[in-house]
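Biologist: Could you take me through one part of this model up close, the place where two helices pack against each other, and then follow the thread from there to whatever else those pieces touch?

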Amino acid sequence: MVAKTYSMGTYGLDAFPVEVETDLSSGLPGFEVVGLPGAAVKESRDRVRAAMKNCGFDFPLKRITMNLAPADKRKEGPIYDLPLLLSLLKSSEQLPCPTDDAVFLGELSLSGEVRRIRGVLAMAAKAKEAGFRRLFVPAANAREGAVIAGLEVYPVENVPQLVDHLTGRKPIAPADWEPQCSRFDPLLDFADVKGQYVAKRALEIAASGSHSVIMVGSPGSGKSMLAKRLPTILPDMTFEEALEATMIHSVAGNLPDGSALLGSRPFRSPHHTISTAGLSGGGTSPKPGEISLAHNGVLFLDELPEFSRPAMEVLRQPMEDGQVTISRVGGNATFPCKFMVVAAMNPCPCGYFGHPTRPCTCAPQAVDRYLARVSGPLLDRLDLHVEVAPLELDELASKAKGESSEAIRQRVNAARKRQVDRYQGLGWSCNGEIPSAKLREVCQADEDAESLLRRAFDRFGLSARSYDRVLRVARTIADLDASDRVTADHVAEAVQYRMLDRKFWARGG
């Protein structure tokens, strides 16, 4: 007798239905799984055999052939344990019930417990698209799958519980989910940052328009402190943004048990020893890298010159395109990666070049080599260049509290709402994503602003990319001022955030 159950598979962020067929025939006992299974799928045979016996079912002593269709797509991971077991129960007539409208996902323990898996959100979305009505997943993944409306998602803890539900003896209640509020570390607040008004202003602009930032300053000036507080002022995510980001983290296996959508924008801070594949993604079955895990959030690169040159250069194309494509023999996987880069670095190896009181101990050639680790093309793609100056004793000793993250965040949300309303239906939602072809149309500047832009372009030798980025930043500053037009004041402030490379990188030029 041939029996069928249905499951799903993933390749990158794409999911596809998988039909699990089981045939029992006479002959020497054996258990074969065909249909291009990976190593973890082949090992399912032993987990399924042990789980059936330990849950009180009879393992058929026949020749067992299981096929995972379509046979031309590779099946990876332990997610097929549960559908393989159910298909075997149906084929051996130990489970007399229809399952044609249901999808089953889950890894089995030897005792029949159902363990959490990754990629449930992407597979749930595809299951609904394919016309399935029910989805059975590990209990730890149920709230994640329940995000997809119109699909009944059932949390399964073990095999006997699932069989009792399918036979009608003891139904399982479908899972549901509730939107999660933004979660921030209560110990992280901009009110704790002493001074650094220019840097805080720059981060407010960056958060409002999703602009990239580089902060240069001596050790202890507060670069990391500022960056770690950036998530507390980022604008609220829309449902679509949260869904995209959660799907990437789900495929990567980064979601905690019982979670649904991400409650706040991602903040990724990889160590400088990370490889290019760790940043961009990769693997035989491609998985997202740090730039995709930072989608709709922040990628913080502390000690930027310490990253390898290939790792830094791999950022250039994704920063422009908002996506990265991983090519493998089995196919191509494209991951979205619209993220803010926040980079921090010292001005020299010892950290005190340009310090007002501490002398720099580096040779001029050492300073030049250190700064040259950050390439001009990468620096040109960073919208705001900010010098984080060392604090005076009076500022450090002051007991006065700075402006709170909540107050800044209200302004950021208001500015972002103006952008979302302005760009509705155009394919982008913030100033940092405005296509170059639409800049002049969207960023309408008055005559004084246009004149100032021309003078800045001629005097400072701005590249075409720098010119566009100044205009985008000026548009964000105008939004923070609730202004419909870009004025000379907005352009002047935006130009100031492009001057830092003249102080450091132009040395000896």
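Modeller: Sure, and keep in mind that this is a predicted model. On the helix 4 side, the residues in contact are Val 120, Leu 121 and Ala 122, and they meet Leu 243, Thr 246, Met 247, Ser 250 and Val 251 of helix 9. Sorted by class, the residues of that contact come out as six nonpolar and two polar, with no charged ones. As for the geometry, helix 4 spans residues 120-129 and helix 9 spans residues 239-252; they pack at an angle of about 115 degrees, and their axes are 7 Å apart.

Helix 9 also leads us to the largest pocket, since it gives at least two residues to the lining there, as do helix 13 (316-321), helix 17 (405-422) and helix 20 (464-480). Helix 17 makes the largest contribution, with five residues. The space in this pocket is about 1,100 Å³, and 48 residues line it. Nearest its centre you'll find Lys 338, Ser 429, Cys 430, Gly 432 and Glu 433. If you're thinking about chemistry, the lining splits into 18 charged, 15 polar and 15 nonpolar residues.

Now for the second largest pocket, with about 320 Å³ of space. It has 15 lining residues, and the ones closest to its centre are Tyr 11, Lys 73, Arg 74, Gly 330 and Gly 331. Strand 2 (14-25) and strand 16 are the elements that supply two or more residues to this lining. Its classes are six charged, five polar and four nonpolar.

Strand 16 deserves a look too. Strand 16 (residues 331-336) pairs with strand 15 (residues 323-328) in the antiparallel sense, over six bridges. Together they make a hairpin with two residues between the strands. Gly 331, one of the residues closest to the centre of the second largest pocket, is the bridge partner of Arg 328.

There's a parallel arrangement elsewhere: an open sheet of three strands in the order 5-8-9. Its edges are strand 5 (102-104) and strand 9 (152-156), each pairing on one side only. From one strand to the next, the twist averages 20 degrees. Strand 5 and strand 8 (residues 134-138) share three bridges, with Ala 102 partnered by Arg 134. Helix 6 (residues 159-166) packs on this sheet and touches strand 5, strand 8 and strand 9; the helix direction makes about 165 degrees with that of strand 8.

Key
Residues numbered from 1 in each chain as written. Predicted model: local features only at pLDDT ≥ 70, side-chain atom pairs only at ≥ 80, totals over all residues. Heavy atoms only, no water. Axes fitted to C-alpha atoms, helices over the stretch in contact; angles between N-to-C directions. Helix = DSSP H or I, 4+ residues; strand = E, 2+ residues; numbered from the N terminus. Contact = heavy atoms within 4.5 Å. Nonpolar A, V, L, I, M, F, W, Y, C, P; charged D, E, K, R; others polar. Pairing = 2+ DSSP bridges. 1 Å grid on protein atoms, 1.4 Å probe; cavity = no way out; pocket = protein on both sides within 12 Å on 5 of 7 lines; lining within 4 Å. Points joined across faces, edges and corners; volume = space filled by probe spheres on them.
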